[in-house]
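Please load the model in your viewer and keep the sequence panel open beside it. The tour moves from one selection to the next, with a short account of what is there at each stop.

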Amino acid sequence: MRFSLYIIFLFVTSVSFAQENLLINSIKIEGEGKVHKSLIKENMSLEPTSWFKQKILKKDLVPFSEKAYNDDISRVIKEYQKNGYLDVTFEPLRIEITKKQQVNLTITVHEGEPVQVADVIYRVDSTQTLNVLPRKGERNILLQSRLTEAKTFTDEDFYKDQLLIAEEFSNIGYPFANVTYEFEVDTVAKKVEIDWYIQKNQLAHFGPTTITGNQRVTEKSIRRQLAFEEGDVWSKKKIDQTQKQIYNQGMYSVASVRTQAGEQDTSVLPVNILIKEAPRWTTRFGVGYGREDKFRTFAELQYLGFITNTGRINLYGKHSGLEPYHFYLKFSQPSVFFPINTLTLYPYIQSQNEPGYNLEKMGFNISMLQNFSKQLNTSVGFEFEDVQLDILNVAGVPTDNPEDSYYKKSGIVLGGIYTTADPLLDPVQGQVVSLNIKTNGLLKTSNLPFLRLLGEYKSYIGLKNGVILALKVKAGSIYRTDDQLFIPADERFYAGGSYSVRGWQRSELGPKNEDGVPVGGKSLLEGSIEFRLNIGKMIIFNLFTDAGNVWEEAFTYKINELRYAAGAGVKVKTPIGPAGIDIARPVFGEEKKWQFHISIGHSF
C-alpha cells in the first residue's frame, strides 16, 4: 500500500514538474470575471505565446510557472479589492497539455458583489456643510466627485476625490487644509458610507514674488504674466494660471512657480519663480513620405527676442508633392493685450499641386490667437492673397473667362476649437468641436465676395482599456454674397484621401469635369466611425467606415447621395503620433478599387 502511494506521489509530482517551463499556448478566463478580463490580463506576467507576438512584436516566449501564476493571482486579487470586489475568489487552475507540449490554462474567477457607496457626508471644521466654499467650488466637488451614491467604491476614485477636495480648499486660501475620512462598511449589504472631515487650518495670502534665472527677458515683462498680486488670498489655481501665462511667452525651457511656507508664519506665502531661458537660435529639420504628398521635407529657423524681448521670428520652408514650395517668415508677439494671447504676422509664397488645380500665390496674414482656457482656443485675423491659377491644369475655370485664373482675395478669418480629447496625439476619451468662418471681399481690389463655413465634431469613447470608438462629422459650405456663381478652385470643397473618405484618393470624390478632373463643390458632408484596438504597447489596429460627398450647390446635403467606404489599418505609436497605413475600398456602389493611405497621425 505504501509502495502504491509512493508511486502515485511520484507520478503526480512528475506531471506537476513537467508542466513547469512548458510554453503557454492560451489563457482562457471563465466565470463571473468576463467583464473584467482586461483587469486580469493586465496584472499577469503569464501570457500566451502567439505567432503574432513572436514574429511581429518580437516578444520572448513565456514559460508556465506555478509560482509565477500564484504571484499573478495574488496581484490580481489586490487589484480586484482596489476596485471594490472584496470577496473575489479563484478556483484551482485547470491545465491542459497540448500535443505540441504547450499548456492551455483555464482561469475561473468568482467576483462576488462590489462594495457600493451608500452615502457621502462632508464635514468642514465639524460642521456638516460645504457652504464655506464659493458656489462654483461646492458644485465642482458635488459634480466631479467620482464616489457618489450607488457608485462602486474604488481606491483610485477615492484618492482622486481626496485631491479634488483639497484642491478646492486650496483655491480659496487654505493650502494646508487637512482632508481625512472615516468609513462605515456594511460587509453583508456590501455598502459603504464615506465621511469626509476637512480642517481648513490657516488662511494664507500671497507674499512677495522673487524672479531668478532671467537674462534676456526683463523682470517687468515676466511680472505682467502674474495672475495674482501680493496680499491676495492664496490660490493654487492662480499659481497654475501664472505658470501657464509665463510659458505662453515662448521664451523658456523651464518656468517653475513655487510657494514657500515660513517656519512659523503660514499666513503669508512668498512666491519663487525660477526661469531658464530657451536658446536664442533653434533649428528644426524633417523628412518623410506620404501616399498623397510623396517625398516631403521641411526646415525651420527660429530666433527669440526679435524686436521686443519676447518677440520671436520663424523662417520656414517646405517641399512636397502637394506643395512644390512653401516659404513664410512669421513674427509672433505674445501677451499683446492679455497674458494668454499672441499676435502673429507673416508673409508667404506658396505653390500647390492638387488633383483639381495647380496654383501659385503670395500674401500675408495677421491674426490674434486667444487662449481662454486649456480647452478653448480662438483666433481672428485678416488675410490677403494674390493667386495665379494654371488655367491649363485647373478644373472648373470657364475657358471663356480666363481672367478667373488670376484673382486677389482679402477678408476676415475667424476660428475656434474646443477640445477635451486626451491624450492629444492618440485620444482615448473626450470631444473636439471646431468652427472656421472665412469672408472675402473686404478690399475694393477683390471681385470675389463670398462666405465660407466649415465645422467639425469628433468624439472619442473608451469602451474598455485598449478599445476606443472614434466618431467624426464634418460639414461645410461656401456661397457668393453677390449675384455671381464662380468660386475659386482653392476655396471649394473636395473629398477623398487619408484624412477624408478613405475609399477614394485625395480629392477624387465629388464633382468632376468631362476629363475626369475634380472640380470641387460648394457643400461638403463627411462622417466616420472607427474602432481602434491597442495590441500591445506599440501597435494600433483600426476598423472603419467612412461616408461623404461634395455637391455643386451651396447648403446642399443629399443623404441619399452619400458615398461609403470601409477598411482597416495598422499604426505604430511614435513620439509624434501614430504612423502607419490604412487600406479601404468603396462599398454599396459600382467602384471597388482598393486605396492605400500612408500617414502620420490618426485620420481624425
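Leaving aside its neighbours within four places in sequence, which residues is N201 in contact with? Select N201 and display what surrounds it: with those neighbours set aside, the contacts of N201 are Y174, F176, A177 and N178. What you have open is a predicted model, and N201 sits there in the loop that runs between β7 (191-199) and β8. Add Y174 to the selection and draw a C-alpha to C-alpha distance, which comes to 6.8 Å for this pair although N201 and Y174 are 27 residues apart in sequence. Then turn to F176, whose backbone oxygen lies 2.7 Å from a polar atom of the N201 side chain. With a relative accessible area of 47%, N201 counts as partly exposed, because that class lies between under 20% for buried and over 50% for exposed.

**The whole chain**

Zoom out until the full C-alpha trace is in view; along its principal axes it spans about 110 × 75 × 45 Å. Coloured by secondary structure, the protein chain shows eight helices and 26 strands. Of its 604 residues, 43% are buried, and the accessible surface comes to about 32,600 Å², with 57% of that area belonging to carbon and sulfur atoms. If you draw a contact map and keep the contacts with a separation of 6 or more, residues 24 or more positions apart account for 57% of them.

**Q102 in strand β4**

Select Q102 next, which is found in strand β4 (residues 102-110). Is Q102 buried or exposed? Its relative accessible area is 18%, and Q102 is therefore classed as buried. Show the residues around Q102 and, apart from its neighbours within four places in sequence, you will find it in contact with L23, N25, E96 and I97.

**Helix α5**

Now select residues 135-144, which form helix α5, and highlight G137, E138 and I141 as its buried residues. Looking down the axis of α5, you will see these buried residues fall within an arc of 100°, so they line one face of the helix. Turn to the face directed away from that buried side, and the exposed residues R135, K136 and L143 come into view. To see what covers the buried residues of α5, add β5 (116-124) and α6 (155-170), which are among the covering elements.

**Helix α8**

Move on to residues 236-247, helix α8, whose twelve residues reach 17 Å from the first C-alpha to the last, close to the 16 Å expected at 1.5 Å a residue. Its buried residues are I239, T242, Q245 and I246. Viewed down the axis of α8, they fall within an arc of 130°, so they line one face of the helix. Which elements do the buried residues of α8 pack against? Display β8 (205-212), α7 (219-223), β9 (252-259) and β10 (268-277), since these are the elements they pack against. Before leaving, look at the start of α8, where a side-chain oxygen of S235 reaches to within 3.2 Å of the backbone nitrogen of K237.

**Strands β13, β14 and β15**

Select residues 312-319 and 325-334, strands β13 and β14, which run antiparallel and are joined by seven bridges. The two form a hairpin with five residues between them, and across the pair G317 stands opposite F327 in β14. Extend the selection to strand β15 (residues 341-354), which runs antiparallel to β14 and is joined to it by eight bridges. Here S332 stands opposite T344 in β15. β14 and β15 also form a hairpin, with six residues between them, and S335 in the turn has a positive phi of about 55°.

**Strands β17, β18 and β19**

For the last stop, select strand β17 (residues 376-389) together with strand β18 (residues 406-419), and follow the 13 bridges over which they pair in the antiparallel sense. One bridge to label is that of E383, whose partner in β18 is G411. Then add strand β19 (residues 430-440), which runs antiparallel to β18 and is joined to it by seven bridges. Within this pairing, Y418 stands opposite V433 in β19.

Definitions and conventions:
Residues numbered from 1 in each chain as written. Predicted model: local features only at pLDDT ≥ 70, side-chain atom pairs only at ≥ 80, totals over all residues. Heavy atoms only, no water. Buried < 20%, exposed > 50% of the residue type's maximum accessible area, 1.4 Å probe, protein only. Helix = DSSP H or I, 4+ residues; strand = E, 2+ residues; numbered from the N terminus. Arc of directions from axis to C-beta. Contact = heavy atoms within 4.5 Å. Pairing = 2+ DSSP bridges. Expected span 1.5 Å × (residues − 1). Polar contact = N/O pair within 3.5 Å; in protein donor to acceptor, adjacent residues only side chain to side chain. Areas by Shrake-Rupley, 256 points an atom, 1.4 Å probe, with all protein chains shown as cover.
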